Amino acid sequence: MNVLVINAGSSSLKYQLIHIESRQVLAKGICERVGGEDSFHKHGIDDNELVIDTPMKDHNDAMALVLEALTSGPNKVIDSLDQIDAIGHRVVQGGRYFDRSVFIDDDVIAKIDELAELAPLHNKAALMGIRACQQTMPGKPMVAVFDTSYFQTLPQKAFMYPVPYEYYEKYALRKYGAHGTSHRYVAARAAQFLDESLDDLKMITCHLGNGCSMTAIDHGIAIDTSMGLTPLDGLMMGTRCGAIDPAIVPFVMEHEGLSADEINDVMNKRSGLLGISGISNDLRTVRTASEEGNERAQLAYEMYSHSVKKYLGQYIAEMGGVDVIVLTAGVGENCDKMRRMIFSGLQTMGIILDLEKNREGSGEREISTDDSLVQILIIPTNEELMIALDTLDVVEQLRLEGAL
């Protein structure tokens, strides 16, 4: 079975075609700057990658280019669209409606649209991808895989905010989390790596990149996560501020004369590593500057690690201990210095990083010492595979029921 995985952004369309039985990525690529004058299409794997400057006025054009690249030209991998069995779409916000991945019908589309208020850029973009697929491949079964569904197991004490209860009743104002597909994948892979049952482990998963989130998983159940009503909450990130004193918002609005949209832009796009360093939202660039003596870059680097360390302590307290800590995403997988800073000083809690293992190796691996009471793992995330597997499960279940 071949599943086409679509991750649509407001001006992009990322995709992978995955052969489920072999777990092989047959093709992947991205359409960038969709709707702009300088749009381009990148298609292929490793040395076979092609980059083509081509006009794309909307996501329908982008989707047509994707399907053309899959079925024709030097990097084609299938002969016809009939060889695509189903399509899986990443959708960020599923609200209270969706605690699992679902078959996409008109009702699901309406709910995704309704929930766009909580993730306007992400959900609207997902709808563009869904509608583009409907137009280019009518009748092809499609599944929505939600970033938030993994966190529907959070207890009320963890997902509620201490504001007037009527806001929860009127607006469904609560913690929804994000990156759930990534946390779900790396938690399952970590348990397999250790040859343990996920149901027997207390685990903290850390998705650390330009966007950052952490999740406490107690015996297989997500009980808390750092992102909140939106992906802005929680850890310091590349351009997002994370958790701050809420009184900062009206204070800055009043003194800077900002509107609600403008302060939202400040917190989402001008804060985090970029805001503190004044250089970049990319930790690699900030690291280089910090090592060259840039004091603001040094501060940004230290704040990033401090933010992660605080949530580690919180989640260890919530679960009454931890067996495994998992790191993933760009920073978590690749930055040995940041990992060293995060785990520095935690030896008395039984969390001991092996400095040599931390510097060397790649892929799935353990980086804690042999005598560490808590195992520290690096597990590269694979959200696309998770989406493809969910799509397979939903479609096969519907076929068994005779609904497809």
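This is a short walk through one chain, from its overall shape down to its two sheets and a couple of single residues.

Okay, ground rules. What you see is a predicted model, where local features need pLDDT of at least 70 and side-chain atom pairs count only at pLDDT 80 or more, while totals for chains, interfaces and linings use all residues. Residues are numbered from 1 along each chain as its sequence is written, and side-chain values use heavy atoms, with hydrogens and water left out.

Let's start with the whole thing. The chain has 15 helices and 14 strands. By helices and strands I mean DSSP runs, H or I with at least four residues for a helix and E with at least two for a strand, numbered from the N terminus. The radius of gyration is 22 Å, close to the 22 Å from the globule rule for 404 residues, so the chain is as compact as a globular protein of that length. That radius is taken over C-alpha atoms, and the rule is 2.2 Å times the number of residues to the power 0.38. If you want a box, the C-alpha trace spans about 60 × 55 × 45 Å along its principal axes.

How much of the chain is buried? Of the 404 residues, 51% count as buried. The cut-offs are under 20% relative accessible area for buried, over 50% for exposed, and partly exposed in between, with a 1.4 Å probe and protein chains only. The exposed area of the chain is about 18700 Å², and carbon and sulfur atoms supply 48% of that. Those areas come from Shrake-Rupley with a 1.4 Å probe, and for residues only the protein chains shown count as cover.

On contacts, meaning heavy atoms within 4.5 Å: take those between residues at least 6 apart in sequence, and 60% of them join residues at least 24 apart. On charge, there are 36 positive and 59 negative side chains, and the centres of the two sets lie 2 Å apart. Lys and Arg are the positives, Asp and Glu the negatives, and His and the chain ends are not counted. Each charge is placed at NZ of Lys, CZ of Arg, CG of Asp or CD of Glu.

Now the sheets. Strands of a sheet pair through backbone hydrogen bonds, either parallel or antiparallel. Here, two strands pair if DSSP finds at least two bridges between them.

One sheet is open, with eight strands in the order E5-E4-E3-E2-E1-E6-E8-E7 and mixed pairing. Its edges are E5 (50-53) and E7 (102-103), each pairing on one side only.

So what about E1, residues 2-9? Eight of its eight residues are buried. Asn2, Leu4, Ile6 and Ala8 point one way, Val3, Val5, Asn7 and Gly9 the other, and all are buried. On one side, E1 pairs antiparallel with E2 (residues 12-19) over eight bridges, and a hairpin of two residues joins E1 to E2. In that pair, asparagine 2 has histidine 19 as its bridge partner.

E1 also pairs with E6 (residues 86-91), this time parallel and over four bridges. Valine 3 is bridged to alanine 86 there, and valine 5 stands opposite glycine 88. E6 is mostly covered too, with five of its six residues buried. From E6 we go on to E8, running parallel and joined by five bridges; valine 91 stands opposite phenylalanine 146. Then E8 (residues 142-146) pairs antiparallel with E7 over two bridges, where phenylalanine 103 faces valine 143.

Just past that, serine 149 lies in the loop between E8 and helix H4 (156-159). Is serine 149 buried or exposed? Its relative accessibility is 9%, so serine 149 counts as buried. Not counting residues up to four places away in sequence, serine 149 touches Phe98, Asp99 and Arg100.

Another residue to click on is threonine 71, in helix H1 (residues 59-71). Threonine 71 and leucine 81 are ten residues apart in sequence and 7.3 Å apart, C-alpha to C-alpha. Leaving aside neighbours within four places, threonine 71 contacts Lys76, Ile78, Asp79, Ser80 and Leu81.

Last stop, another open sheet: six strands, order E11-E10-E9-E12-E14-E13, pairing mixed. E11 (221-225) and E13 (365-366) each have a single partner strand, so one side of each is left without a neighbour in the sheet. E11 pairs antiparallel with E10 (residues 212-218) over four bridges, and threonine 215 has threonine 225 as its bridge partner.
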